[in-house]
Amino acid sequence: MTDLVHTGGCQCGAVRFRVEGVLGDASVCHCRMCQKAAGNFYLPLVSVRGARLTWARGEPKRFQSSNAVFRGFCGDCGTPLTYEAPDGVALAIAAFDKPQGIVPQIQWGTEAKLPYVDHIPDLPGEDTMADQDAASFLATLVSYQHPDHDTAEWPPKGRE
Amino acid sequence: MSISRIYTGGCQCGAVRYRAEGTLGDPHLCHCRMCQKAAGNYFMPLANAPRASFRITRGEPSWFHSSQFARRGFCAACGTPLFYDMPGADFINIVLGSLDDPYDVRPLTQSGMESCVPWFSHLPGLPGKETDAASDAGAERHLAILETNRQHPDYDTEHWPPEE
């Protein structure tokens, strides 16, 4: 949490961000707008209001979800990236290269919290490689995802 | 005997809508780093629908090939992640939070646990607040958002966006 430079971006790497300074409140929001924007059960966000946010590569595309808020995402791969309100910007925590260090402290929008969401951590879980059907598939899989660090050039030469 | 039913869903802005008939199989969360990054989230919630009973009912998703085997569908106008698809398979995976009624499909397992964020099991224990409980200013803004919400409603519509 004490890192003063944080980097991250979308899955395909067309949009990369850099945050210098101290990150603000980290939360998950269960409201139905965050759910639908994320296609997910909730959206984990961290405020960068008190830090300096720069777009190191590309820039997000934005959807105005209400008169108050724009939501940024990668136009090439769709990764949800920002929640932009008049009083500041928040970034999607899992889009950071090191999301492990950004620990949410509060849950918002609990009126729309899905009834099963608190039980998720108790569900049986497996590592990716433990699935016999997936193992052969994964052995030959070539990921086109941007790595979890900045790159001088992307995508690598030879890949369209 | 099983009961066939209809599932509908789509993106936040409503440019892409889909419909699946039958049963959604293997509802689960995947924590792998590829699903995390595609979702901008801690996991991707997925279940599969038979391809024969699935169709896009409005617009077309955009696709990003995240590997040579799989492509991920999203709305090019608002970004909502919608599908995880292996084109050779006879099913397509739907991103569950994009369903009109996500209450309906309860996940049963988790995969990709090697990338699960270390404090994942602590999330349910965090203090929680309703959206408008933040502050006077927050409540006012929440009201303004409700009044100007541009999100597609959680059901199919004949025309969208509504005529101004």
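## A guided tour of chains A and B

Start by selecting chain A: of its 160 residues, 44% count as buried. Keep in mind as you look around that this is a predicted model.

**Stop 1: chain A as a whole.** Turn chain A about and you will see that its C-alpha trace spans about 45 × 40 × 30 Å along its principal axes. Switch to a cartoon view to find two helices and ten strands. Following the chain along the sequence, you meet them in the pattern β-β-β-α-β-β-β-β-β-β-β-α. Contacts in chain A between residues at least 6 apart in sequence are worth a thought too: 61% of them join residues at least 24 apart.

**Stop 2: an annotated stretch.** Now select residues 6-117 of chain A, where UniProt, in an unreviewed entry, places the feature "domain: CENP-V/GFA". Over this stretch the chain is 6% helix and 41% strand. Its end C-alpha atoms are 29 Å apart.

**Stop 3: the sheet of chain A.** In what order do the seven strands of the open sheet in chain A lie? Colour them one by one and you can read 6-7-8-9-4-3-10, with mixed pairing. Strand 6 and strand 10 of chain A are at the edges and have a single partner strand each, so one side of each has no neighbour in the sheet. On average, neighbouring strands of this sheet are turned by 30 degrees against each other, direction ignored.

Zoom in on strand 4 of chain A and strand 9 (residues 88-92) of chain A, which run antiparallel and are joined by three bridges. Show the residues A:V46 and A:L91: they stand opposite each other, with A:L91 in strand 9 of chain A.

**Stop 4: the nonpolar core.** In soluble globular proteins, nonpolar side chains tend to be buried together. Here the largest nonpolar core has 80 residues. Those that touch the most other members are A:L43, A:L45, A:L91, B:M44 and B:I94. Pick A:L43 and look at its surroundings, leaving aside its neighbours within four places in sequence. Among its contacts are A:V28, A:C29, A:C34 and A:P80 from chain A, and B:N41 from chain B.

**Stop 5: where the chains meet.** Show both chains together: the contact takes 64 residues from chain A and 63 residues from chain B. On the side of chain A that touches chain B, helix 1 (32-38), strand 4 (43-47) and strand 8 (80-85) are among the elements that supply at least two residues each. Which element of chain A gives the largest share of this side? Select helix 1 of chain A, which supplies five residues. Colouring this side by class gives 35 nonpolar, 20 polar and nine charged residues.

**Stop 6: the sheet of chain B.** Move to chain B, where seven strands form an open sheet in the order 6-7-8-9-4-3-10, with mixed pairing. Its edge strands, strand 6 (62-65) and strand 10 (109-111) of chain B, each pair on one side only. From one strand to the next, the twist averages 30 degrees. Within chain B, strand 7 (residues 71-74) and strand 8 (residues 81-85) run antiparallel, joined by four bridges. Look there for B:R72, which stands opposite B:Y84 in strand 8 of chain B.

**Stop 7: a loop residue.** Finish at B:Q68, in the loop between strand 6 and strand 7 of chain B. Is B:Q68 buried or exposed? B:Q68 counts as exposed because it has 11 C-beta neighbours inside 10 Å, and the cut-off for exposed is 12 or fewer. As a last step, select B:T148 as well: the C-alpha atoms of B:Q68 and B:T148 are separated by 41 Å, and the two residues are 80 residues apart along the chain.

Conventions:
Residues are numbered from 1 along each chain as its sequence is written. Chains are lettered from A and ligands numbered from 1 in the order in which they are written. This is a predicted model: local features need pLDDT of at least 70, side-chain atom pairs count only at pLDDT 80 or more; totals for chains, interfaces and linings use all residues. Two residues are in contact if their C-beta atoms, placed from the backbone, lie within 7 Å. Ala, Val, Leu, Ile, Met, Phe, Trp, Tyr, Cys and Pro count as nonpolar, Asp, Glu, Lys and Arg as charged, and the others, Gly among them, as polar. UniProt positions are given in the numbering used here, feature names are shortened, and annotations may be inferred rather than shown by experiment. A residue is buried if 20 or more other C-beta atoms lie within 10 Å of its own, exposed if 12 or fewer, and partly exposed in between; C-beta atoms are placed from the backbone. A nonpolar core is a set of buried Ala, Val, Leu, Ile, Met, Phe, Trp, Tyr and Cys residues joined through C-beta atoms within 7 Å. Two strands pair if DSSP finds at least two bridges between them. Axes are lines fitted to C-alpha atoms, for helices over the stretch in contact, and angles run from 0 to 180 degrees between N-to-C directions.
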